[in-house]
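Welcome to this guided tour. Open your viewer, load the structure, and follow along one selection at a time.

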Amino acid sequence: QVQLVESGGGLVQAGGSLRLSCAASGNIFRIFSMGWYRQAPGKQRELVASITSGGSTNYADSVKDRFTISRDNANNTVYLQMNSLKPEDTDVYYCSADLTILDRPGTYRYWGQGTQVTVSS
């Protein structure tokens, strides 16, 4: 059993900051890429940022220079520092982890439960 538990969402005014955290736990052997996605009602889930186990990062154009993804490999945790937030950043944010599980072949993507980020104008 693998769980991804997110925290850090909330309500913030435009121009403010929030930091999201996501901790993975369970029968994990190895975590490869971790990432943050967001999804508005009725829309597809879209990538916000991702980070490999080696620290290489990738960002959506809409968040470059405002958001920073980082991870703590020792604690299987990924973070998203969000600065200069805009009303259009309002969404439910989901973390993801591509990982292998003890005693089970294959690589799997797991998702967090989602955390609401609301930016008021």
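Before we select anything, one term: a residue is called buried under 20% relative accessible area, exposed over 50%, and partly exposed in between, using a 1.4 Å probe and protein chains only. This is a predicted model, where local features need pLDDT of at least 70 and side-chain atom pairs count only at pLDDT 80 or more, while totals for chains, interfaces and linings use all residues. Residues are numbered from 1 along each chain as its sequence is written, and side-chain values use heavy atoms, with hydrogens and water left out.

**Stop 1: the whole chain**

Show the protein chain as a cartoon. The chain has 0 helices and 11 strands; here helices (H or I, at least four residues) and strands (E, at least two) are DSSP runs, numbered from the N terminus. The radius of gyration of the protein chain is 14 Å, close to the 14 Å that the globule rule gives for 121 residues, so the chain is as compact as a globular protein of that length. That radius is taken over C-alpha atoms, and the rule is 2.2 Å times the number of residues to the power 0.38.

Now switch to the C-alpha trace, which spans about 50 × 30 × 20 Å along its principal axes. Of the 121 residues in the protein chain, 41% are buried. Contact means heavy atoms within 4.5 Å. Among the contacts in the protein chain with a separation of 6 or more, 55% are between residues 24 or more positions apart.

**Stop 2: Arg-71**

Select Arg-71, which sits in strand β7 (residues 67–72). What is the nearest side chain of opposite charge to Arg-71? That is Asp-72, 8.1 Å away, and Arg-71 is buried yet has no salt bridge. For charges, Lys and Arg count as positive and Asp and Glu as negative, while His and the chain ends are not counted. A salt bridge is a side-chain nitrogen of Lys or Arg within 4 Å of a carboxyl oxygen of Asp or Glu.

Next, show the backbone oxygens of two residues. A polar atom of the Arg-71 side chain lies 3.2 Å from the backbone oxygen of Ile-51. The backbone oxygen of Thr-52 is also 3.2 Å from a polar atom of that side chain. Leaving aside neighbours within four places in sequence, the residues in contact with Arg-71 include Phe-32, Met-34, Ser-53 and Tyr-79.

**Stop 3: Phe-32**

Move on to Phe-32, in strand β4 (residues 28–39). Phe-32 counts as partly exposed, at 30% relative accessibility. Try drawing a distance from its C-alpha to that of Thr-52: the two residues are 20 apart in sequence and 6.0 Å apart in space. Beyond its neighbours within four places in sequence, Phe-32 is in contact with residues including Arg-71, Asp-98, Leu-99 and Thr-107.

**Stop 4: two loop residues**

Select Asn-76, in the loop between β7 and β8 (77–82). Asn-76 has a positive phi of about 50° although it is not a glycine. Its relative accessible area of 24% makes Asn-76 partly exposed.

Then select Asp-103, in the loop between β9 (91–101) and β10 (104–111). The phi of Asp-103 is near 65°, a positive value in a residue other than glycine. Is Asp-103 buried or exposed? At 84% relative accessibility, Asp-103 counts as exposed.

**Stop 5: salt bridges**

Side chains of opposite charge can pair when their charged atoms come close. How many salt bridges does a search of the whole structure find? The search finds 6.

Select Lys-64 and Asp-61 to see one of them, with the closest N and O atoms 3.2 Å apart. Lys-64 is partly exposed at 42% relative accessibility, and Asp-61 is exposed at 65%.

Now pick Arg-38 and Glu-46, a salt bridge with its closest N and O atoms 3.0 Å apart. Arg-38 is buried at 5% relative accessibility, whereas Glu-46 is partly exposed at 39%.

Finish with Asp-89 and Arg-66, whose closest N and O atoms are 2.8 Å apart in a salt bridge. Asp-89 lies in the loop between β8 and β9 and Arg-66 in the loop between β6 (57–59) and β7, so the pair ties together parts that are 23 residues apart in sequence. Asp-89 is buried at 1% relative accessibility, and Arg-66 is buried at 10%. For a last view, select Arg-38, Glu-46, Arg-66, Asp-89 and Asp-91 together: salt bridges that share partners join these residues into one network.

Terms used
Polar contact = N/O pair within 3.5 Å; in protein donor to acceptor, adjacent residues only side chain to side chain.
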